[in-house]
Structure formats: structure tokens, C-alpha cells
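Got your viewer open and a selection box ready? Let's take a walk through this one, stop by stop.

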Amino acid sequence: MFSFVSPRLLRSALAAPAAALLAGCEAVVMKPHGDVAVQQAHLIVQSTLLMLLIIVPVIFLTIYFAFRYRQGSRAAEAEYAPDWDHSTRLELIIWGAPLLIIIALGTITWISTHQLDPYRPLDRVDAQRAVEPGTQPLVVDVVAMDWKWLFIYPEQGIATVNELAAPVDRPIEFRITSTTVMNAFYVPALAGMVYAMPGMETQLHAVINKPGDYEGMSSNYSGAGFSHMKFRFHGLSDQDFDAWVQTNRKSGQALTRDAYLKLEQPSESDPVRRYAMVDEKLYGLVLNRCVDGRKMCLNQMMHIDAEGGAGKGGVAGLTQLPADRRRTVVAALCTPDNPTGAPVPVAAAR
């Protein structure tokens, strides 16, 4: 024989574990600890409330009319107006209210788009404090790899894999690129996500206002190891950040170009790695996709294009340029292994 569980008992049984799971969730997107993310959360709340001003009345009136004018209702038979087709008052309400809300949303979007531009340097630490004049941001070069994150600190001369740290209340300037495919750099407690693309540099200015250990991730699918492409972001006091830097400097490893070429090979669930020294030109070579030194860098190609190009007929075209520009273009044909590029005589190039 089969016994049936009452719907009420079934709902109660399902609600208990669901509530327990939700109790362990931290709504970090709506309760972040970085000023940029806080402003973004406020924008979400404001936009939602404005849209609910239309959505709630529409839902209420839909249910109300469906109930009031249902078949058999006295209200449905109370008035019959087959020729009714216009009401100025009703038209003003139907079109005026959404129009006002769209204007309000457009105004908020316009202002916040400029205030929260990721390329815009910060002018405040939080809602009560402005950035002090002369404050230099902490620069962090971010490289999205398959499937891990490389963070380079040019000021400190160190680098880490899958671990990021920054002092509390100090502006941070992220310069972001990728090695192979498009990815997305995202620390929910800090700021919104910003894409990382190979051969391009995107930026993000942000600040963390509360010490803590936060989760960072890739928020754009990038292949088999995407689900493990996570890292920890530490918000530290100035003293703790200095200690963290010293810990990295004691690691004894150097991130040379050869070490980088090994590091960029695809791997999953990589542990934290620390580098005490970094090739100062490494990030530029990664950005311009010429770390191996066997091919021309992207910025060199763009320079040649800006000078008129060096494709078919390009050598002959060089003879038409002034001597100083001709020397510049020929020098740009070198690779990273020969960055000075002793100018090649045009006659020899022929």
C-alpha cells in the first residue's frame, strides 16, 4: 500500500533544509566591504525600488481585475460599456508613471556610469572620507592564465599566484590582461567584475575598507579548469601588508621570463606561489604577447603601422621617409631579445 504525505508536511520538510542552506550564505554582493562595491549595491537597490513602483501595482491590478470580473461575479455584470475606448486620466497614469521612472533610472544610470567608471581614479575612500591629496594607489598587474591568476606588484617587486593582498583604505589600481582567452576578474566584496582580454589592458580602481579574507574568482567561462579558477583576497592593515610583502620576498624564487613560460602552461587547482623577484619588463611582454622573445611585440607592430606599415612594398616605402623616422621603423622590427634593435640599413634590407 502507498501512503501519501500531506502537501503541508512536504512543504515544511523541504523548507527546513532550504532555510539551513540559506542561513550559511553571505550576501556579499549586497553587503560588501569596499566603497566601489557599496556604491554598486546601492545602485541595485535604487533601481529595484524604482522598478517595483510599476511592477507591484501592475501585479496587484492584474489579480484584482481577474478576481473582480471573473465569470459569475456581480461586478462583471454591473456595467457594460462596449464603446468605451479612451480615458485621458487613465492614459496619463499608464504612460506618465513609467515615463517618470525611466527618466529617474536614466539619470541615476548616467551619473553612476561616470562615478563608477573602472578606469576613473578614486576620489574618496568611503562615503565620509576623501582620498588625501598626493596619495599614490597600490598598483597591481593582474594576468588571467589557464587556469590561475598571477598578481605582480611592480612597486614591491614581488608576485603571487592565486593570492592577492592590499592595505585597508588605500586606493588600488589594477591593470588587467590575459594570456590566451577572455576572462573576468571579480572580487565581489571589492568591486564589480572587469574583463581580462589577451593583448589588451583593462583597468579597475577600487578600495577595501574592512580587514578580512575575501573570495576572488573568474566570472567568465574560460575552459575546463574554470570552476577552480579562484583566489583569496586579503584586506590587511599597513603593518600586516608590509609583513605579507616580506613573506613573499623570503620565498627565494624569481619570476623570470623562463619561469613565466613554464607557469603559463595550463593547470588546475594550483596552490599559492610566491615570487621574491620579478622581471620588471615581464608584464609589458605579457601584455604585448612576446614573452618568448621569438616574435615581434604588439606595440612594435602598432608602431610600424602608425609609421606607414612595413608589409608588401614596405621596405621600398621606407626610402621615402626622413632618415630619423626610417631608423625608428626599422628598429621597431626587432624582438624583445634585441630591444635596442640596431637599425638595419635599407640597402641591406633589400
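Before clicking anything, one cut-off: a residue is called buried under 20% relative accessible area, exposed over 50%, and partly exposed in between. Keep in mind, too, that you're looking at a predicted model.

**Stop 1: R274 and E163**

Select R274, and try the cut-off on it: with 23% relative accessibility, R274 falls in the partly exposed class. Now add E163 and show both side chains. They meet in a salt bridge, 2.5 Å from N to O. R274 sits in strand β12 (residues 273-275) and E163 in strand β4 (residues 163-167), so this pair ties together parts that are 111 residues apart in sequence. E163 is the buried partner here, with a relative accessible area of 8%.

**Stop 2: R273 and D270**

Step back to R273, which also forms a salt bridge: its side chain meets that of D270 at 2.8 Å, N to O. Is R273 buried or partly exposed? At 31% relative accessibility, R273 counts as partly exposed. D270, at 12%, counts as buried.

**Stop 3: D141 and R175**

Next, select D141 and R175. Their closest N and O atoms are 2.6 Å apart, and the two form a salt bridge. What does this pair tie together? D141 lies in strand β1 (residues 138-144) and R175 in strand β5 (residues 172-178), so the link joins parts that are 34 residues apart in sequence. Colour by accessibility and you'll find D141 buried at 2%, while R175 is partly exposed at 24%.

**Stop 4: a salt-bridge network**

Pick D126, R129 and D169 together. These residues are linked in a network of salt bridges. If you want to keep hunting after the tour, the structure holds eleven salt bridges.

**Stop 5: the disulfide**

How many disulfides should you look for? There is one. Select C290 and C297 and show the sulfur atoms, which are 1.9 Å apart. Run a dihedral about the S-S bond: it is 90 degrees, and the link is right-handed. Both ends of the link are buried: C290 has a relative accessible area of 0%, and C297 has 6%.

**Stop 6: helix α2**

Now select residues 35-68, which make up helix α2. Put a distance label between the end C-alpha atoms of α2: they are 49 Å apart. At 1.5 Å a residue, its 34 residues should span 50 Å, so the two values agree. Still, look along the helix axis for a bend. Where is the kink in α2 centred? It is centred on L52, with an angle of about 35 degrees.

While α2 is selected, pick out its buried residues, among them D35, V36, A37 and Q39. Further along, A41, S47 and L50 are buried as well.

**Stop 7: a nonpolar patch**

Last stop: switch on the surface and select V29, M30, I44, V45, L49, M51, L52, I55, V56, I59 and I63. Together they make a nonpolar surface patch of about 930 Å². L52, the centre of the α2 kink, is one of the patch residues. M51 is another; M51 lies in α2 and is partly exposed, with a relative accessible area of 40%. Compare M51 with L50, which is buried, by toggling the surface on and off.

Technical notes:
Residues are numbered from 1 along each chain as its sequence is written. This is a predicted model: local features need pLDDT of at least 70, side-chain atom pairs count only at pLDDT 80 or more; totals for chains, interfaces and linings use all residues. Side-chain values use heavy atoms; hydrogens and water are left out. A disulfide is a pair of cysteine sulfur atoms within 2.5 Å. Buried means under 20% relative accessible area, exposed over 50%, partly exposed in between (1.4 Å probe, protein chains only). Patches are made of residues with over 30% relative accessible area and no salt bridge: like charges are joined within 9 Å, nonpolar side chains (Val, Leu, Ile, Met, Phe, Trp, Tyr) within 5 Å. Accessible areas come from the Shrake-Rupley method with a 1.4 Å probe; for residues, only the protein chains shown count as cover. A salt bridge is a side-chain nitrogen of Lys or Arg within 4 Å of a carboxyl oxygen of Asp or Glu. Helices (H or I, at least four residues) and strands (E, at least two) are DSSP runs, numbered from the N terminus. The expected span of a helix is 1.5 Å times one less than its number of residues. The bend at a residue is the angle between axes fitted to the seven residues ending there and the seven starting there.
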